[in-house]
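Work through the exercises below with the model open. Each task is followed by a solution in steps.

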Amino acid sequence: AAMAWRLPPLAVLLLLVAAAVAPLSSAVRPVSDAHRSVAAELFAASPDDLETTYEAVRTFKMLGVQRDKGLDGKACKLAAHTLSSSSSPAKDLFQAVQIAGVLGCSVDAGVYDDVASRLKAVIKDTDSLLEFYYSVGGLLSLKEQGHSVVLSDADSTFHAIKALSQSDGRWRYDTNSAESSTFAAGIALEALAGVVSLSDAEVDPSMIGVVKNDIVKLFGTIKSYDDGTFYFDEKYVDGSEYKGPITTSASVVRGVTSFANVVSGKLNIPGEKILGLAKFFLGIGLPGSAKDCFNQIESLSLLENNRIFVPLILSLPSKVLSLTSKDQLKVEVTTVFGSAAPPLRVNLVQVLGSDSKIITTDSKELQFDLDNNVHYLDITPLKIDVGKYSLVFEITLQDSEHETVYTTGGRNTESVVVTGLIKVDKAEIGISENDAGSAESVEKLDLLKDTKVSLSANHLQKLRLSFQLSTPLGRTFKPHQVFLKLKHESKVEHLFVVPGSARQFKIVLDFLGLVEKFYYLSGTYDLELSVGDASMVCRHIHNSTVLFGLALLIILCLLQENSFLRALGQLELDLPEAPEKAPRPPAQAVDPLAKFRPQKEIEHIFRVPEKRPLQEVSLAFTGLTLLPFIGFLIGLMRLGVNLKNFPSLPGPAAFASLFHAGIAAVLLLYVLFWVKLDLFTTLKYLSFLGVFLVFVGHRTLSHLSNTTAKQKTA
């Protein structure tokens with residue numbers, strides 16, 4: 001039976017494409033320019049702390065990203081200041097030496113000698129694993145930069161670090177720690193590798209063998225996913241200690257690869273676990289934080305060139321293949337940084353359907369394109385149809401000597417989506433009087449073209465729609481979702497699921513039983529059919545997910561060979577009048593952008609202005625306002641105002657002049673009040689002028705009073 005939903009068909013297709021994109025967008029691919037762009041963005045700001053600065057310069061060096069010379073100069077100044085400071089702890093000295101080594105900062109040899117002495121003193125006095133790690137690491141970095149650094153008591157230091165190990169391969173941070181840590185195991189192995197490198201004599205071989213056995217135990221605690229991904233995590237969760245899988249795995253990779261590079265012989269670590277760690281870090285994709293970016297790139301850089309096994313990554317440039325375009329299956333086998341692999345063969349040994357059903361077990365060797373460094377295979381002979389498949393590949397190294405250097409992991413499984421042009425046959429739409437048929441009007445539809453119909457019906461009739469879908473190989477195709485949408489001219493929408501049988505999709509809408517669902521709304525309805533399936537996504541969708549939003553992907557899909565959203569035409573529906581208690585249509589959502597659109601023009605009629613006096617009368621009254629000022633001037637003349645008593649001495653004369661200027665300013669302020677200023681602004685200015693006039697007026701009047709007193713005395 002048909003169901004009426006209010007979910008838009010485009011939203012349904014969005015969910016379908018999202019489900020198809022999810023397993024494809026997380027595909028394992030080697031380090032690319034996208035990682036370089038993300039690293040440049042995450043470390044764009046110039047950090048002020050040593051740790052972030054070290055991670056930034058180290059990441060850029062591994063990726064080959066050019067930094068701003070000004071930022072490098074700032075980092076060198078920070079490192080030089082830390083190295084010359086007598087209060088810098090071992091951690092800061094370690095990071096400062098690393099920064100100076102990466103950037104080639106100019107540091108006085110005497111400063112380095114002092115740093116080496118301080119780090120050696122820390123090694124003698126500490127029982128903290130972190131202090132050992134930073135001190136040994138700093139000394140090793142000094143040695144790598146060409147300075148003569150020797151750890152004379154290497155055996156005792158080695159034993160002191162080894163004493164913190166546990167029976168399960170993990171390490172404690174110090175002798176007082178009750179819990180062991182996987183992260184601590186990584187930095188312990190790195191510190192031990194540094195001790196071996198700094199030693200002036202061979203470290204006890206038996207202790208080296210014990211540590212190798214500890215590494216085997218440590219890898220016994222590694223965790224995994226079903227796809228062959230391996231990672232390390234902490235044994236316990238604590239707010240102050242828990243590091244997370246990325247940080248923990250990175251610590252172990254640093255420690256194990258460092259130790260393997262300085263000891264003789266090969267560590268007994270299975271190659272598939274090294275490959276699984278590489279897949280874990282590549283599976284992160286583009287990291288979201290600077291710390292994760294540093295851990296990811298440094299771990300992959302160490303795995304790129306190590307003495308255990310160099311992992312070779314099998315990846316597919318495109319995980320969506322089109323039968324219509326006769327796409328070739330292309331496979332790349334490279335190192336984690338995209339370097340070319342040694343000579344090898346790639347065979348497709350098995351194809352599994354989405355239900356894990358075996359499609360074919362015929363082994364087919366892929367051809368190798370030397371110019372593009374890609375293996376390829378024509379998928380047409382495989383006889384695979386539209387759908388999702390799991391392809392099982394087997395990689396074989398041609399030179400047996402390479403088997404001790406590289407690891408391929410044996411068989412590798414990759415998921416692909418095969419698309420094709422879905423054929424639509426026997427599509428019909430019509431209006432009938434009853435279930436048996438008796439159609440009054442039936443029209444053929446070509447759903448692959450923009451053809452529209454015009455229908456009319458009343459509440460006693462039924463709408464029928466039927467069609468068939470077939471794959472490029474002629475098999476019946478049943479998509480995940482098929483919807484028919486009816487949209488009233490008042491924007492009220494109704495969505496119906498179109499049920500499908502083994503060969504045909506068919507829906508019958510009985511309007512008599514749907515009058516309430518249609519809210520008794522007569523008028524014009526737009527008919528729209530949407531067909532979507534996870535295997536009907538558009539080609540190269542995995543590349544588009546990086547460049548465009550998922551909504552744009554839907555549009556691209558609908559414009560191509562696969563899922564379709566088709567307007568079928570219009571239906572003029574005549575329904576009876578709604579009874580008094582009939583349900584009302586739901587309120588339509590208000591467009592949030594409507595308030596920004598042009599508004600309706602407001603028409604307003606102003607009142608007729610009142611009558612005003614003649615211009616001559618206005619001018620006459622304006623002149624009358626000047627009479628008080630004229631009277632003031634006449635009064636001054638009658639009183640005989642003069643400047644005979646104006647002070648002659650420079651000081652009093654200056655105060656008298658300022659006093660008269662202040663009075664003039666007050667008069668000017670009155671004029672401005674009438675012309676421009678408001679009352680509050682005028683009072684504000686008048687308050688300042690009043691204080692000024694009191695001061696200069698008092699000095700002026702005091703001088704005149706003293707002068708008058710002297711004249712009377714004389």
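**Exercise 1. Is valine 671 buried, partly exposed or exposed, and in which helix is it found?**

Step 1. The structure is a predicted model. In it, valine 671 has a relative accessible area of 46%.
Step 2. Buried means under 20%, and exposed means over 50%. Valine 671 therefore counts as partly exposed.
Step 3. Valine 671 is found in helix H19.

**Exercise 2. Find the nonpolar surface patch that includes Val671, and say which helix gives the most to the patch.**

Step 1. List the members. They are Leu668, Val671, Leu672, Phe673, Trp674, Val675, Leu679, Phe680 and Leu683.
Step 2. Take the area. Together these residues have about 1,000 Å² of accessible area.
Step 3. Assign the helices. Helix H19 (650-675) and helix H20 (679-713) each supply at least two residues.
Step 4. Rank them. H19 gives the most, with six residues.

**Exercise 3. Compare the patch region with the UniProt record: where does the record place the feature "transmembrane region"?**

Step 1. Read the record. The unreviewed UniProt entry places the feature at residues 617-641, 653-675 and 682-701.
Step 2. Check residues 653-675. This span is 100% helix and 0% strand, and its end C-alpha atoms are 33 Å apart.
Step 3. Check residues 682-701. Here too the chain is 100% helix and 0% strand. The end C-alpha atoms lie 27 Å apart.

**Exercise 4. Classify phenylalanine 695 by exposure, then state how far its C-alpha atom is from that of alanine 34.**

Step 1. Phenylalanine 695 is found in helix H20.
Step 2. Its relative accessible area is 46%, so phenylalanine 695 is partly exposed.
Step 3. Phenylalanine 695 and alanine 34 are 661 residues apart along the chain. Their C-alpha atoms are separated by 74 Å.

**Exercise 5. Do the same for lysine 449, with arginine 566 as the partner.**

Step 1. Lysine 449 is found in the loop between strand E17 (437-445) and strand E18 (453-458).
Step 2. At 55% relative accessibility, lysine 449 counts as exposed.
Step 3. Lysine 449 and arginine 566 are 117 residues apart along the chain, yet their C-alpha atoms are separated by 8.7 Å.

**Exercise 6. How many aromatic pairs does a search of the whole structure find? Classify the pair of tyrosine 54 and phenylalanine 294.**

Step 1. The search finds 16 aromatic pairs.
Step 2. The ring centres of tyrosine 54 and phenylalanine 294 are 5.9 Å apart, and the planes meet at 65°. Planes over 60 degrees apart count as edge-to-face, so this pair is edge-to-face.
Step 3. The pair links distant parts of the chain, 240 residues apart. Tyrosine 54 is in helix H3 (residues 50-63), and phenylalanine 294 is in helix H13 (residues 290-304).
Step 4. Tyrosine 54 is buried, at 10% relative accessibility. Phenylalanine 294 is buried as well, at 6%.
Step 5. Widen the view. Tyr54 and Phe294 form one aromatic cluster with Phe94, Tyr133 and Tyr134.

**Exercise 7. Classify the pair of phenylalanine 467 and phenylalanine 505.**

Step 1. The ring centres of phenylalanine 467 and phenylalanine 505 are 5.5 Å apart, with planes at 15°, so the pair is stacked.
Step 2. Phenylalanine 467 lies in strand E19 (residues 462-470), and phenylalanine 505 in strand E22 (residues 505-510). The pair therefore ties together parts 38 residues apart in sequence.
Step 3. Both phenylalanine 467 and phenylalanine 505 are buried.

**Exercise 8. Which rings lie under lysine 243 and lysine 266?**

Step 1. The charged end of lysine 243 sits over the ring of phenylalanine 183, 5.0 Å from the ring centre.
Step 2. Lysine 266 lies over the face of phenylalanine 309, at 4.6 Å from the ring centre.

Note on methods
Residues are numbered from 1 along each chain as its sequence is written. This is a predicted model: local features need pLDDT of at least 70, side-chain atom pairs count only at pLDDT 80 or more; totals for chains, interfaces and linings use all residues. Side-chain values use heavy atoms; hydrogens and water are left out. UniProt positions are given in the numbering used here, feature names are shortened, and annotations may be inferred rather than shown by experiment. Helices (H or I, at least four residues) and strands (E, at least two) are DSSP runs, numbered from the N terminus. Rings of Phe, Tyr and Trp (its six-membered ring) pair if their centres lie within 6.5 Å; planes under 30 degrees apart count as stacked, over 60 as edge-to-face and the rest as tilted. Buried means under 20% relative accessible area, exposed over 50%, partly exposed in between (1.4 Å probe, protein chains only). A charge sits over a ring if NZ of Lys or CZ of Arg is within 6 Å of the ring centre and within 35 degrees of the ring normal. Patches are made of residues with over 30% relative accessible area and no salt bridge: like charges are joined within 9 Å, nonpolar side chains (Val, Leu, Ile, Met, Phe, Trp, Tyr) within 5 Å. Accessible areas come from the Shrake-Rupley method with a 1.4 Å probe; for residues, only the protein chains shown count as cover. A salt bridge is a side-chain nitrogen of Lys or Arg within 4 Å of a carboxyl oxygen of Asp or Glu.
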